[in-house]
Amino acid sequence: MSDDPLPPLPDTPYWNAFQGKLHGFPMWQMLDRFWPVLEASGGEWFIHDLESDAVPDTTASAEELATLLKSVAEMYEPARSRSFCGVVFVDDLKAPGFVKLFDPWKMGASCGSSGERTLPRYVLSRIKPDSLPVANEEPEKPGLFTRIAGRG
């Protein structure tokens, strides 16, 4: 049994792409070279805000995408003092179709060592998103006496 309160992700095109092989940008300069590619990629992007319960039914306009990218760039600006980027992951560097944008201040433990799934802040996708699975209730922790008696 995993300590992760989130259930396994569904077997759908969206969540399969979410778990697929993605390229990261370890250096800020690499991300700086990618932003114009993403900005020029046009419309037809679903913008999935994983901190919201709402799942987009329609793609965003070019203006909505530009507004989001400006907001994300502002979110990343304070983190740029760090030498390592590691906040954006994309399926295809030249023709992106799936992009994860992480909040640098909510990345969790390094390399997933906490055992919990760290979700991105936003996902840009050409695939219509599915809802995030409902988190499992955290199991009740056994009390002290149960642990001492070896029954927990």
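**Helices, strands and their packing in a predicted model**

The protein contains four helices and five strands; here helices (H or I, at least four residues) and strands (E, at least two) are DSSP runs, numbered from the N terminus. Along the sequence these elements follow the pattern α-β-α-β-α-β-β-β-α. The structure is a predicted model, in which local features need pLDDT of at least 70 and side-chain atom pairs count only at pLDDT 80 or more, while totals for chains, interfaces and linings use all residues. Residues are numbered from 1 along each chain as its sequence is written, and side-chain values use heavy atoms, with hydrogens and water left out.

Of the 152 residues in the protein, 34% are buried, where buried means under 20% relative accessible area, exposed means over 50%, and partly exposed lies in between (1.4 Å probe, protein chains only). Contact is defined by heavy atoms within 4.5 Å. Among contacts between residues at least 6 apart in sequence, 71% join residues at least 24 apart.

The strands are a good place to begin. Five of them form an open sheet in the order E1-E3-E4-E5-E2, with antiparallel pairing; two strands pair if DSSP finds at least two bridges between them. Strand E1 (23–24) and strand E2 (46–49) are the edge strands, each pairing on one side only. Strand E3 (residues 88–90) is joined to strand E4 (residues 98–101) by three bridges in the antiparallel sense, and valine 88 has leucine 101 of E4 as its bridge partner. E4 also pairs with E5, again antiparallel, over four bridges. Here leucine 101 is partnered by tyrosine 122 in E5, and lysine 100 stands opposite valine 123. E2 and E5 run antiparallel and are joined by four bridges, with valine 123 of E5 serving as the bridge partner of histidine 48.

In a regular strand, side chains alternate between the two faces of the sheet. In E4, Phe98 and Lys100 point one way and Val99 and Leu101 the other, and all are buried. E5 can be read in a similar manner: Tyr122 and Leu124 point one way, Val123 and Ser125 point the other way, and all are buried.

Attention now turns to the helices. The axes of helix H2 (residues 28–39) and helix H3 (residues 62–76) come within 11 Å and cross at roughly 170°. Axes are lines fitted to C-alpha atoms, for helices over the stretch in contact, and angles run from 0 to 180 degrees between N-to-C directions. H2 and H3 are therefore roughly antiparallel to each other, given that angles under 35 degrees count as roughly parallel, over 145 as roughly antiparallel, 65 to 115 as roughly perpendicular and the rest as oblique. On the H2 side, the contact is made by Trp28, Leu31, Trp35, Leu38 and Glu39, and on the H3 side by Leu65, Leu69, Val72 and Tyr76. By class, this contact has eight nonpolar, no polar and one charged residues; Ala, Val, Leu, Ile, Met, Phe, Trp, Tyr, Cys and Pro count as nonpolar, Asp, Glu, Lys and Arg as charged, and the others, Gly among them, as polar.

Aromatic rings give another view of the packing. Eight aromatic pairs are found in the whole structure. Tryptophan 15 and phenylalanine 18 form an edge-to-face pair, 4.9 Å centre to centre with 65° between the planes. Rings of Phe, Tyr and Trp (its six-membered ring) pair if their centres lie within 6.5 Å, and planes under 30 degrees apart count as stacked, over 60 as edge-to-face and the rest as tilted. Both residues lie in helix H1 (residues 13–18), three residues apart, about one turn of the helix, and both tryptophan 15 and phenylalanine 18 are buried. One aromatic cluster brings together Tyr14, Trp15, Phe18 and Phe98.

A final stop is methionine 107, located in the loop between E4 and E5. At 26% relative accessibility, methionine 107 counts as partly exposed. Leaving aside neighbours within four places in sequence, methionine 107 is in contact with Gly86, Val87, Phe102 and Thr118. Methionine 107 and glycine 86 are 21 residues apart in sequence and 9.6 Å apart in space, C-alpha to C-alpha.
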